Amino acid sequence: MTESGFDVLKQIRTHIDRINPVLPSQLALTVGQFAFKALRNPKRFNGIDTPTLLHILHRKELDLKTVEITPDPASTLMFDTVFEPHYWFDIHSYIDGNGEFTKSLDETIFDYHDEIVISGSLSDGVTAGVLPTLNSKLVRDKKNAVFLAVFPSMDYSSDALFNAFSSLGLLLGAETGPIILLDNTRLSQFIGVNRGGGRLSNGDIVDFLVELFLDKRGLIRDLVKQSNSFKVDMFTALMAAGASLEIYESLRNILDITLEQPLLDFDLSTAQFVYVLVRAPLRLQYQLPKGYIELEVNSWLKDVADLNAPLICEPVYVEEHGDRIDVVVLVGGFETGHLFETMDKRISRFSTLIVEHELYEKEIWGKIRKTLLDNTQRKIEEF
């Protein structure tokens, strides 16, 4: 073989060595009916090197015929029970002791799935019951996961509040990734536009946030890391969607409008950590660099809430025309005493009856209440 022939073979070998299999490191995971209907853009998950999409559903949710889209078997983990999926403890007990369900998770969430965004409504028995077991698996497998948890408002039924209170207590009582609480009523009242100029409402906002988290690789991993560093695991969001920079004139003005429609009632001045995402067209990256965003947000927080808390800002630049800016201010470690005390009072009679009928263990309920009602003081001491 000539010397030139060896060179050709060497080049081919070098090229082969550089070829890596394209495996999706990101996973969008929905639990229950609400989140399943919220993620309406399957094209986002069908291309090369795109995130994986996985739905976890109870078969009876489909039997109720309230789900409008037929699930794809290839991206759906379906389970069934003889009882109606109404309360968290029935689902949780079934899932926790079901080896087949755990095996199904192992067969659908792979080692290469490093960044996971999970969405679901905590008022639903399915979501509330599945999430604690799902979280345990993700922690065990050392996954970076963020939870978008739709939370019932105080005018919801006692059983919806009971499901949400219990599931959140179980999650926060264990090691968990960042949990972003989104009030369901606030979602329905939010006024904003998506990247294409269409109106955002209710489940669309969940879809919007999932897309934002997946737009930049490493973003979820960084949020999990920072959440762990500052010992803050519960967040909510202030948000401005599709705001024209030409109309609002400055990033500061867009930040101001995030205060008009908070996605949960809370006191910004009690925050212990703030993580800000700014999504903008790539052509604006020199006008809105990371350093400038940090200075503007820091000054804004001091002016509106006299807040001097750890702050991380992450720009997400996207290939598109126009001047629309999305701002999501993730506020962590805020005071939750009033919220959970009010919920506890609302569900006290309901939860007492269930304990008296021994539908779940009294000790578990005691731990849930202690986790949520003592959460504020514990976080302050740790911080």
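Visitor: What makes two strands count as a pair?

Guide: Two strands pair if DSSP finds at least two bridges between them. In this predicted model, eight bridges join strand β10 (residues 273-281) to β11. Eight is set against a cut-off of at least two, so β10 and β11 count as paired. The two strands run parallel.

Visitor: Which residues stand opposite one another in β10 and β11?

Guide: A280 stands opposite Y317 in β11, and V274 has L311 as its bridge partner in that strand.

Visitor: Why is β11 said to stand at an edge of the sheet?

Guide: The open sheet is formed by 10 strands in the order β3-β2-β1-β4-β5-β6-β9-β12-β10-β11, with mixed pairing. β3 (76-79) and β11 (311-318) each have a single partner strand, so one side of each lacks a neighbour in the sheet, and they are the edges. From one strand to the next, the twist averages 20 degrees.

Visitor: What makes β11 mostly covered?

Guide: A residue is buried when its relative accessible area is under 20%. Six of the eight residues of β11 meet that condition, so the strand is described as mostly covered. In the protein chain, buried residues make up 53% of the 383 residues.

Visitor: Which helix packs on the sheet and touches β11?

Guide: Helix α13 (residues 290-305) does, and it also touches β9 (234-244), β10 and β12 (324-332). The direction of α13 makes about 135 degrees with that of β11.

Visitor: Why is helix α4 called oblique to helix α6?

Guide: Two packed helices are described by the angle between their axes and the distance between the axes. Helix α4 (residues 88-96) and helix α6 (residues 125-140) pack at about 40 degrees, with axes 7 Å apart. Under 35 degrees would be roughly parallel, and roughly perpendicular covers 65 to 115. The angle of about 40 degrees falls in neither range, nor is it over 145, so α4 is oblique to α6. Their crossing is right-handed.

Visitor: Which residues meet where α4 and α6 touch?

Guide: From α4 come W88, I91, H92, I95 and D96; from α6 come G125, V126, A128, G129, V130, P132 and T133. These residues divide into seven nonpolar, four polar and one charged. Asp counts as charged, so D96 belongs to the charged class. Gly counts as polar, so G125 and G129 are among the polar residues.

Visitor: How many helices and strands does the protein chain have?

Guide: The chain has 16 helices and 12 strands. Of its contacts with a separation of 6 or more, 81% are between residues 24 or more positions apart.

Note on methods
Residues numbered from 1 in each chain as written. Predicted model: local features only at pLDDT ≥ 70, side-chain atom pairs only at ≥ 80, totals over all residues. Heavy atoms only, no water. Axes fitted to C-alpha atoms, helices over the stretch in contact; angles between N-to-C directions. Helix = DSSP H or I, 4+ residues; strand = E, 2+ residues; numbered from the N terminus. Left-handed = near helix turned anticlockwise from the far one by under 90°. Contact = heavy atoms within 4.5 Å. Buried < 20%, exposed > 50% of the residue type's maximum accessible area, 1.4 Å probe, protein only.
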